[in-house]
Amino acid sequence: MARIIEIQPMNCEHIPTLARLEQICFEHPWSQQALADELDNRTAHFMVAVRDGEIMGYIGVFVVCESCYISDIAVFPEFRRQGAAKALLDEACRKARQLGAESVSLEVRPSNAPAISLYTGQGFEEVGLRKKFYRDPPEDALILTKTL
């Protein structure tokens with residue numbers, strides 16, 4: 001039987017694990033304090049994917065007016081390709097729609113083929129390019145957007 005991935009709002013108990021995930025996945029990771037600060041941000045909606053009590057990954061989204069911006073999505077390496085990122089994206093889009101957003105946008109490295117495949121498979125389309133967006137290593141960013 002397939003094990004259920006539960007998506008739940010980030011809370012203070014998740015933060016140490018998410019900060020560790022940030023260290024694994026990103027050159028400029030969010031600190032525990034930065035993640036904790038988002039708990040009081042009314043525009044921030046950070047969600048965690050949990051299966052069998054283990055945190056698989058998380059997504060950070062900001063909804064302002066009719067727009068939703070995905071700041072981060074990360075999954076622990078041992079949980080990749082098991083549906084966590086898709087479940088997080090689905091819930092982020094559902095939440096954004098519920099809050100009145102008309103679109104969801106994010107940036108991704110052009111070299112990150114697995115992420116691009118995931119996003120385009122979920123209905124995101126390339127709408128632009130941010131020159132020199134990433135620093136370590138230097139790379140442009142593709143801007144992908146999904147209309148809700």
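Start by selecting serine 67 and serine 103: serine 103, in β5, is the bridge partner of serine 67. From β4 the chain passes through helix α3 (residues 84-98) on its way to β5, and this β-α-β crossover is right-handed. Before you go on, keep in mind that you are looking at a predicted model.

**Strand β5 and its neighbours**

Select β4 and strand β5 (residues 103-108) together. They pair in the parallel sense, with three bridges. Another pair to click on is tyrosine 69 and its bridge partner in β5, serine 105.

Now look at the other partner, β7. It runs antiparallel to β5, and six bridges join the two. To see one place where they meet, pick valine 104, which stands opposite lysine 146 in β7.

How many of the residues of β5 are buried? Six of its six, so to speak the whole strand is mostly covered. Show the side chains next. Ser103, Ser105 and Glu107 point one way, while Val104, Leu106 and Val108 point the other way, and all are buried. That is a pattern worth remembering: in a regular strand, side chains alternate between the two faces of the sheet.

**The hairpin of β3 and β4**

Go back to β4 and add its other partner. Strand β3 (residues 54-64) and strand β4 (residues 67-75) are antiparallel, with eight bridges between them. Click on glycine 57 and you'll find valine 75 of β4 opposite. Then move to the turn: this hairpin has two residues between the strands, and cysteine 65 there takes a positive phi near 55 degrees.

**Into the core**

Time to go inside. Select Leu35, Phe46, Tyr58, Ile59, Ile70, Tyr119 and Phe124: of the 43 residues in the largest nonpolar core, these touch the most other members. Colour the helices and strands to see who contributes, since α1, β2 (44-51), β3, β4, α3, β5, α4 (113-121) and β7 (138-147) each supply at least two residues of this core. As background, nonpolar side chains tend to be buried together in soluble globular proteins.

Zoom in on phenylalanine 124. Leaving out residues up to four places away in sequence, its contacts include Ile70, Leu89, Val104, Leu106 and Tyr119. Leu144, Thr145 and Lys146 are also among the residues that phenylalanine 124 touches.

**Helix α1**

Next, select Ile15, Leu18, Ala19, Leu21 and Glu22, the buried residues of α1. Turn the view until you look down the axis of α1: its buried residues fall within an arc of 155 degrees, so they line one face of the helix. The spacing has a simple background: an α-helix has 3.6 residues a turn, so residues three or four places apart point the same way. What lies over the buried residues of α1? The cover includes α2 (32-37), β2, β3 and β4.

Just before that helix, find histidine 14, in the loop between β1 (6-9) and α1 (15-25). Is histidine 14 buried or exposed? Its relative accessible area is 7%, so histidine 14 is buried. Show its side chain with that of glutamine 8, and you'll see a polar contact of 3.1 Å joining them. Not counting residues up to four places away in sequence, histidine 14 touches Gln8, Pro9, Val48 and Ile55.

**Out towards the solvent side of things**Pick aspartate 37, in helix α2. With a relative accessible area of 43%, aspartate 37 is partly exposed. Try the distance tool here: the C-alpha atoms of aspartate 37 and cysteine 12 are separated by 10.0 Å, and these residues are 25 residues apart along the chain.

Then jump to aspartate 52, in the loop between β2 and β3. Its phi is near 50 degrees, a positive value in a residue other than glycine. Aspartate 52 counts as exposed, at 55% relative accessibility.

**Last stop: β6 and the loop after it**

Lysine 132 lies in strand β6 and has a phi near 55 degrees, again a positive value in a residue other than glycine. At 73% relative accessibility, lysine 132 counts as exposed.

Leucine 129 also lies in strand β6, and is partly exposed at a relative accessible area of 42%. Leaving aside neighbours within four places in sequence, leucine 129 is in contact with Asp140, Ala141, Leu142 and Ile143.

Finish at proline 137, in the loop between β6 (125-135) and β7. Which way round is the peptide bond from aspartate 136 to proline 137, cis or trans? This bond is cis, with omega near -5 degrees.

Note on methods:
Residues numbered from 1 in each chain as written. Predicted model: local features only at pLDDT ≥ 70, side-chain atom pairs only at ≥ 80, totals over all residues. Heavy atoms only, no water. Helix = DSSP H or I, 4+ residues; strand = E, 2+ residues; numbered from the N terminus. Buried < 20%, exposed > 50% of the residue type's maximum accessible area, 1.4 Å probe, protein only. Polar contact = N/O pair within 3.5 Å; in protein donor to acceptor, adjacent residues only side chain to side chain. Contact = heavy atoms within 4.5 Å. Pairing = 2+ DSSP bridges. Right-handed = clockwise from strand over helix to strand, strands pointing away. Core = buried A, V, L, I, M, F, W, Y, C linked by side-chain atoms within 4.5 Å. Arc of directions from axis to C-beta.
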